[in-house]
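Subject: Structure for your review

Dear colleague,

Please find below the sequence and the structure that I am handing over to you. My account of what was found follows directly after them.

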Amino acid sequence: MKNKAVSYLDSKLDATQWELLHKVAGEAYAYAETVYKSAEGQAKLEQALDYATEQLSRNGIEVTPAEIRAAIEQVYLKYKKQL
């Protein structure tokens, strides 16, 4: 499933948009972890999704919530590997 999502996004976004999606996903994850420390996982994810959706929309990048979620989850998994 992850590979399918990456392939789909590769065909949909140019390199600059792809980079921005992952930058915003990282910011969204950090924002949710910092501002919503006491929230549970799903609540943090919702806040991260809201943040990322707003930021991407401001930059004219239209992706689905599932695509944004996949990018945020990818950031989360990278973070967990570093621990």
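A helix here is a DSSP run of H or I with at least four residues, and helices are numbered from the N terminus. By that rule Lys-44 belongs to helix α3. Please bear in mind throughout that the model is predicted.

**Overall picture**

The chain contains four helices and zero strands, and its pattern along the sequence reads α-α-α-α. Of its 83 residues, 27% are buried. The accessible surface amounts to about 5,700 Å², and carbon and sulfur atoms account for 53% of that surface. When contacts between residues at least 6 apart in sequence are considered, 60% of them join residues at least 24 apart.

**The nonpolar core**

The largest nonpolar core has 18 residues, and those touching the most other members are Leu-21, Ala-52, Leu-56, Val-63, Ile-68 and Ile-72. Three elements give two or more residues each to this core: α2 (15-35), α3 (41-58) and α4 (65-82). The largest share, six residues, is that of α2.

**Helix α2**

The 21 residues of α2 should span 30 Å at 1.5 Å a residue, and the C-alpha atoms at its ends are indeed 30 Å apart, so the two values agree. The buried residues in α2 are Leu-21, Val-24, Ala-25, Ala-28, Tyr-29 and Ala-32. Because these residues cover an arc of only 140° around the axis, they lie on the same side of α2. The general geometry is helpful here: an α-helix has 3.6 residues a turn, so residues three or four places apart point the same way. Exposed residues on the other side of α2 are Ala-15, Thr-16, Glu-19 and Thr-34.

The start of α2 also shows a polar contact. There, a side-chain oxygen of Asp-14 comes to within 3.0 Å of the backbone nitrogen of Thr-16.

**Helix α3**

Helix α3 has 18 residues, and the distance from its first C-alpha to its last is 26 Å, close to the 26 Å expected at 1.5 Å a residue. Buried in α3 are Lys-44, Leu-45, Ala-48, Leu-49, Ala-52, Gln-55 and Leu-56. Viewed down the axis of α3, the buried residues fall within an arc of 140°, so they line one face of the helix. These buried residues pack against α2 and α4. After α3 comes Gly-60, which has a positive phi, near 75°.

Three residues of α3 may be of interest individually.

- Lys-44 has a relative accessibility of 14%, and with the cut-off for buried at under 20%, this lysine therefore counts as buried. Leaving aside neighbours within four places in sequence, Lys-44 is in contact with Ala-32, Glu-33, Tyr-36, Lys-37 and Ala-39. Lys-44 and Thr-34 are ten residues apart in sequence, with 9.6 Å between their C-alpha atoms.
- Asp-50, also found in helix α3, counts as partly exposed because its relative accessibility is 48%. Its C-alpha atom is separated by 9.2 Å from that of Pro-65, which is 15 residues away along the chain.
- Tyr-51, likewise in helix α3, has a relative accessible area of 22% and is therefore partly exposed. Not counting residues up to four places away in sequence, Tyr-51 touches Val-24, Glu-27, Ala-28 and Tyr-31. Tyr-51 and Ala-32 are 19 residues apart in sequence, and their C-alpha atoms are 8.5 Å apart in space.

**Glu-67 in helix α4**

Glu-67 lies in helix α4. Its relative accessibility is 8%, so Glu-67 counts as buried. A polar atom of the Glu-67 side chain lies 2.7 Å from the backbone nitrogen of Thr-64.

**Points to look at in the viewer**

When you open the model, you may wish to begin with the buried residues of α3, which pack against α2 and α4. The charged side chains of Lys-44 and Glu-67 could be inspected next, as Lys-44 is buried at 14% relative accessibility and Glu-67 is buried at 8%.

With kind regards

Methods. Residues are numbered from 1 along each chain as its sequence is written. This is a predicted model: local features need pLDDT of at least 70, side-chain atom pairs count only at pLDDT 80 or more; totals for chains, interfaces and linings use all residues. Side-chain values use heavy atoms; hydrogens and water are left out. A nonpolar core is a set of buried Ala, Val, Leu, Ile, Met, Phe, Trp, Tyr and Cys residues joined through side-chain atoms within 4.5 Å. Buried means under 20% relative accessible area, exposed over 50%, partly exposed in between (1.4 Å probe, protein chains only). The expected span of a helix is 1.5 Å times one less than its number of residues. The arc is that of the directions from the helix axis to the C-beta atoms. A polar contact is a pair of N or O atoms within 3.5 Å; within protein, one must be able to donate a hydrogen and the other to accept it, and residues adjacent in sequence count only if both atoms are side-chain atoms. Contact means heavy atoms within 4.5 Å. Accessible areas come from the Shrake-Rupley method with a 1.4 Å probe; for residues, only the protein chains shown count as cover.
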